[in-house]
Amino acid sequence: MRAFFAAETDAHAPEFFLKLGKVVPNEERAERSKRLRTALDGLGVAVETPGHYGDEPILAVHSARYLEFLKGIYGEWSSLPAAGPEVVANVQPRHAGTQYPPGIIGRMGWHMGDLACPIGKGTAEAACRAADTAVAAAETVSDGTLAYALCRPPGHHASAEVAGGHCYLNNSAIAAERLRANGARVAILDIDVHHGNGTQSIYYRNGNVTTVSVHAGAGMFYPWFTGHPDERGEGEGEGANHNISVPVGASGAAWQLAVADGLAVAVGSGADALVLALGLDVHESDPLGALKVSTHDIFVAGEIIGRAALPTVVVQEGGYLGPVLTENLTAFLGGLRGSHPSG
Ligand SMILES: [Zn+2]
């Protein structure tokens, strides 16, 4: 298995996070990457630096005006008198807006779907290098092997032109598009504890990729408004989107069954390559988690997914600074490599 990580992603150091009406430290910190790399070291997996692939793979997923916004907004914001340290939108269009707003505050609201995606000085570069990391991993699996993309910031809540939930560029979709460009038929299986709403929206009306999300508590947990089983896709995408929601507080055994069901749907779609969106925030000790999933359950999930024997790009999504973040990545990749024919 090959693994990729870009050191520039550590420059994304968000501070702002609003929880129950209070500003508290943001959980999506560079310390996460450090702890995840410790797992790779322990497994004896060398960490490679991804190449620079430019805007093209990002524009296969995101709109040009969104990428321009992401790259330029911090500079614009910093030139405002008395601007705060990070870009945080204070208006959002919800369902009313149809005209793209020219002003800075309006564009912030257009492209920032909630308050959990502050943009600081290093955010755009980090997001673009995380996208490079996903592309580099996707480039390596055509021979049937496994690759791991240590992407930070994560991506599965980002839609074609809206950031949200710690996510700016959808690394899993970017990996999927690179696999498709190389001729693969792709399914994305997302096992983060939160619904992969950004990924769902990107493929909802085209069905270019089969999307399967296994998550906690549709309607009762972030992202609050999506993730229900009856969201099946529309038009060309009808039937290509699948949501498996387990109740908040569900057991590890229930979660394992849901992962197996999700994998069966992904395999049943006829996919010949898999993007596995890995959220270690399923663990019972995760600060943003909602399930009773143990480290051993995560190992078993890796085993289940490896048995599909598909070329697989594992893209890191959530998983925050709980006490066993390192152990959980070790467990997942250990299970995956143990059962996958390429090891
Ligand atoms: Zn998550």
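Aromatic pairs, a zinc site and a surface patch

Tyr 100 is partly exposed, because its relative accessible area of 28% falls between the limits of 20% for buried and 50% for exposed. The model in which this residue is seen is a predicted one. Trp 110, by contrast, has a relative accessible area of 14% and is therefore buried.

These residues lead to the aromatic rings. A search of the whole structure finds two aromatic pairs. One of them is formed by Tyr 66 and Phe 69, whose rings are stacked, with 6.5 Å from centre to centre and 20° between the planes. Both residues belong to helix H3, which covers residues 64-78. They are three residues apart there, about one turn of the helix. Tyr 66 and Phe 69 are both buried.

Tyr 100 and Trp 110 also form a pair, and here the ring centres are 5.5 Å apart. The planes of these two rings stand at 90°, so the pair is edge-to-face; the angle needed for that label is over 60 degrees. Tyr 100 sits in the loop between H3 and H4, while Trp 110 is in helix H4, so the pair ties together parts that are 10 residues apart in sequence.

The next stop is the metal site. The zinc ion is coordinated by Asp 192, which is listed twice through OD, by His 194 through ND1 and by Asp 281 through OD. The distances run from 2.0 to 2.7 Å. The angles among the four donor atoms range from 52 to 151°, and the site is irregular. A tetrahedral label would require all angles to lie between 85 and 135 degrees, which means that this range does not qualify.

Along the sequence, the donor residues of the zinc ion follow the spacing D-x1-H-x86-D. Within this set, His 194 and Asp 281 link distant parts of the chain, 87 residues apart. His 194 lies in the loop between strand S6 (186-190) and helix H7 (197-203). Asp 281 lies in the loop between strand S9 (273-278) and helix H9 (295-306). Both His 194 and Asp 281 are buried.

The last feature is on the surface. Leu 18, Val 23 and Leu 115 form a nonpolar patch there, with about 240 Å² of accessible area together. Leu 115 is located in the loop between helix H4 (104-111) and helix H5 (123-139). With a relative accessible area of 32%, Leu 115 is partly exposed. Patch members need over 30% relative accessible area, so Leu 115 meets that cut-off.

How values were computed: Residues are numbered from 1 along each chain as its sequence is written. This is a predicted model: local features need pLDDT of at least 70, side-chain atom pairs count only at pLDDT 80 or more; totals for chains, interfaces and linings use all residues. Side-chain values use heavy atoms; hydrogens and water are left out. Patches are made of residues with over 30% relative accessible area and no salt bridge: like charges are joined within 9 Å, nonpolar side chains (Val, Leu, Ile, Met, Phe, Trp, Tyr) within 5 Å. Accessible areas come from the Shrake-Rupley method with a 1.4 Å probe; for residues, only the protein chains shown count as cover. A salt bridge is a side-chain nitrogen of Lys or Arg within 4 Å of a carboxyl oxygen of Asp or Glu. Helices (H or I, at least four residues) and strands (E, at least two) are DSSP runs, numbered from the N terminus. Buried means under 20% relative accessible area, exposed over 50%, partly exposed in between (1.4 Å probe, protein chains only). Donors are N, O and S atoms within 2.8 Å of the metal (3.2 Å for Na, K and Ca); water is not among the atoms, so sites may look incomplete. Four donors count as tetrahedral if all angles lie between 85 and 135 degrees; four count as square planar and six as octahedral if opposite donors are over 155 degrees apart and all others between 65 and 115; anything else is irregular. Rings of Phe, Tyr and Trp (its six-membered ring) pair if their centres lie within 6.5 Å; planes under 30 degrees apart count as stacked, over 60 as edge-to-face and the rest as tilted.
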